[in-house]
Amino acid sequence: MPILDPSSGAANGPGSPSGRTFAQIRARANFGLVLPSAAVLVSPTLTMKKTRAHFPRIKTIAYEGPKTTNALAFRHYNPDEVIDGKTMAAHLRFSIAYWHSFRGAGTDPFGSATLQRPWEKGSDPVSIAKHRMDAAFEFFQKIRAPFWAFHDRDIAPEGRTLAESNRNLDRVVDHARDLQRATGVKLLWGTANLFSHPRYMCGAATNPDAHVFAYAAAQVKKALDATKRLNGTGYVFWGGREGYETLLNTNLKREQDHLAAFLHMAVDYAKSIGFKGQFLIEPKPKEPTKHQYDFDVASGIAFLRTYGLEKHFKFNVETNHATLAGHTFQHEIEVAAAQGMLGSIDANSGDLLLGWDTDQFNTDVRELTLAMLSILRAGGLGTGGFNFDAKLRRPSIDLEDLFLAHIGGMDAYACAFKIARRILAEGKFEEFVAARYASFDRGYGRTIEQRRVGFRELSKLALSKLGEPRPRSGKQEYLENLLGSYLH
Ligand SMILES: [Mn+2]
């Protein structure tokens, strides 16, 4: 049963006595900062008895501009602001990750749950799941995210049999459909959890046992049905267990062939039910598996092309997975965009001092500005979005922390979006890069790009005419200072 968190001013459920005065609550929620105006967090009309809300003390988050001192307001993300005929909400397409924000309990390999949520109650696992989902949709609305994303087992409990699991999922998906209709919140993408249950300990599509492959196929079939029913704009494959621990027990080639067969089956099934959403691969080099087959975007592209799947898939690029692979976030975006395969973003960050996937909220505006430059140059994310695959730190146990975390992430992305647009409008970096490659725009440089010359012709040219190339500065420091001039 839920335990009311005594340290949280926001955790009391419906009808529970607060024991705090309004002034105390207000002071806590604003960290003792003096509010500039009537931007009061907790209005006396929002007392618990009056509402059945799960976040009764937190109102819909408002945009108050960069100067606000209200911690529960947006400083940069103004969802209704129209830019180039489109609202910021439509440009950024923020999405909330159900698994972290509504299933994450603060566990880590060394300790149990720290997050006690008041909505975790009900007469059976399905009713708990529905109650939890009510809280989730209230959060989606109050944080003003137009989208959400889920795994099948996040939203509905695993049953004793696959048939029971499917029935559970059907019931909860019906509920999600009602909530989507009532709130206008849409599904960004769905996916299946093919990594938590012990049956998948040696992989799902790459499991050495055909029985597990078949079970996984049945699970993805159902997850695709659910995603279609909820009008998801995409479907993601993250293969956390699709790899190997040791080659002593592994036939690598056969496992890769099986993974390709699985993805072809998904494409065929989607076509057969009329699911038009974008399929996405989310690369990750390792964790939980020692070596994952879709290591990074480049290896993912090679895999998809090898097996004739490249027309059906794009990439869901995650910041923390990029850094685990030894790349920057921007590098992975750029590699995907270069092949027209940038699909969506799992918005988070890692901790470079730790060697694992920490899934933190990203507040690094410099990193996000660079990422945004690559995304905007690529023409945006299309039907994708920025999905906050990020979780609270284990001691961040107050309900309001969930809001603060997302506000920070959304503001950082919105700020980066505006800066990147300004940089692109002024075009200084584009001009510099264009000039740097200008020798390929004319003369023999152009014939190289057009593949109209070979080594013989170029050798003759170098020996007879060109001589020694003149080194030119890369101007990295100049460009970094130029970037700095936009950032601060
Ligand atoms: Mn991650």
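Start with helix α4, where Val-126, Ala-129, Arg-132, Met-133, Ala-135, Ala-136, Phe-137, Glu-138, Phe-139, Phe-140 and Lys-142 are all buried. Keep in mind that this is a predicted model.

What sits on top of those residues? The cover over the buried residues of α4 includes β5 (94–97), α3 (98–103), β6 (147–151), α5 (152–155), α6 (162–183) and α13 (399–426). As a general point, an α-helix makes a turn every 3.6 residues, so residues three or four places apart point the same way.

The helix also passes a simple length check. α4 runs over residues 125–142, and at 1.5 Å a residue its 18 residues should span 26 Å; the end C-alpha atoms are 26 Å apart, so the two agree. At the N-terminal end, Asp-124 acts as the cap, with a side-chain oxygen 3.0 Å from the backbone nitrogen of Val-126. After the helix comes Arg-144, which has a positive phi, near 65 degrees.

Now for the metal. The manganese ion is held by Glu-318 (OE), Asp-357 (OD), Asp-357 (OD) and Asp-359 (OD), at 1.9 to 2.5 Å. Along the chain, the donors follow the spacing E-x38-D-x1-D. Glu-318 belongs to strand β12 (residues 313–318), while Asp-357 is in the loop between β13 (342–346) and α12 (365–377), so this pair ties together parts 39 residues apart in sequence.

Are these two ligands buried or exposed? Glu-318 is buried, with a relative accessible area of 2%. Asp-357 counts as buried too, because its 9% relative accessibility is under the 20% cut-off.

Asp-357 and Asp-359 turn up again in the largest pocket: along with His-100, Thr-107 and Lys-391, they lie nearest its centre. Helix α3, which is among the elements covering α4, gives the most to this lining, with four residues. Both α3 and β7 (186–191) supply at least two residues each.

There are closed spaces as well: four cavities of 30 Å³ or more. In the largest cavity, the residues closest to the centre are Phe-237, Trp-238, Gly-239, Glu-242 and Leu-259. Elements giving two or more residues to its lining are β8 (234–237), α8 (252–273) and α9 (297–306).

Here are the two spaces side by side:

| Space | Volume | Lining residues |
|---|---|---|
| Largest pocket | about 1300 Å³ | 41 residues |
| Largest cavity | about 230 Å³ | 23 residues |

Definitions and conventions. Residues are numbered from 1 along each chain as its sequence is written. This is a predicted model: local features need pLDDT of at least 70, side-chain atom pairs count only at pLDDT 80 or more; totals for chains, interfaces and linings use all residues. Side-chain values use heavy atoms; hydrogens and water are left out. Donors are N, O and S atoms within 2.8 Å of the metal (3.2 Å for Na, K and Ca); water is not among the atoms, so sites may look incomplete. Buried means under 20% relative accessible area, exposed over 50%, partly exposed in between (1.4 Å probe, protein chains only). The expected span of a helix is 1.5 Å times one less than its number of residues. Contact means heavy atoms within 4.5 Å. A polar contact is a pair of N or O atoms within 3.5 Å; within protein, one must be able to donate a hydrogen and the other to accept it, and residues adjacent in sequence count only if both atoms are side-chain atoms. On a 1 Å grid over the protein atoms alone, a cavity is a set of points where a 1.4 Å probe fits but cannot get out, and a pocket is an open set with protein on both sides within 12 Å along at least five of seven lines; lining residues have an atom within 4 Å of a point. Grid points are joined across faces, edges and corners, and a volume is the space filled by probe spheres set on the points.
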